[in-house]
Amino acid sequence: MDKENIILKQNGDVVEFDVVVENSEDTAYTLSSSNTEYVTISENKATVIKEPAVLDLAVTITATLVSNPAVTANTSITIKAPVVEGQVGELTTDMLLAVGN
C-alpha cells in the first residue's frame, strides 16, 4: 500500500489508496476497514464517517489479494479526536482542579 502514518481530523476526510500487486498474475484486491463504525471503504477510498468522542482512534486498512486471501498488506489511519477547550481526555478543568486540591 502506498500510504503510511495517515492522520485524518474530521468527519468526511478521505484518503485514496493505490495498491501495487507484485509476483501475481491476478492483481485484483479488496480493501477493508478494521472499524466500519468510523471508516468506510469505497472505490479505493477510506472515508471518515464518525469522529471519536474523546481519544484519537487508530483504524487499520487491509488490502487482501482476491485470488489468495492469505496475502495481505496493512496500513493505519489515525482519526484525531476533536480538541475540547478546558478538557484533557475525559477530564474537565473542574475535575482536574478538584484532584489537585
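Start by selecting Val71 which, once its neighbours within four places in sequence are left aside, is in contact (heavy atoms within 4.5 Å) with Ala63, Thr64 and Leu65. The model is a predicted one, in which local features need pLDDT of at least 70 and side-chain atom pairs count only at pLDDT 80 or more, while totals for chains, interfaces and linings use all residues. Residues are numbered from 1 along each chain as its sequence is written, and side-chain values use heavy atoms, with hydrogens and water left out.

Val71 sits in the loop between strand 6 and strand 7, where strands are DSSP runs of E of at least two residues, numbered from the N terminus. Val71 is partly exposed, its relative accessible area being 40%, on a scale where buried means under 20%, exposed over 50% and partly exposed in between (1.4 Å probe, protein chains only). Add Tyr29 to the selection: Val71 and Tyr29 are 42 residues apart in sequence and 9.7 Å apart in space, C-alpha to C-alpha.

Next, select Phe17, Val39, Ala46, Ile61, Ile77 and Ile79, which have the most contacts inside the largest nonpolar core, a group of 14 residues; such a core is a set of buried Ala, Val, Leu, Ile, Met, Phe, Trp, Tyr and Cys residues joined through side-chain atoms within 4.5 Å. Strand 5 (45–48), strand 6 (57–65) and strand 7 (72–79) each supply at least two residues of this core, and strand 6 gives the most, with three.

Finally, turn to strand 4 and strand 5, which pair in the antiparallel sense over four bridges, pairing being counted if DSSP finds at least two bridges between two strands. Here Lys45 in strand 5 is the bridge partner of Ser42.
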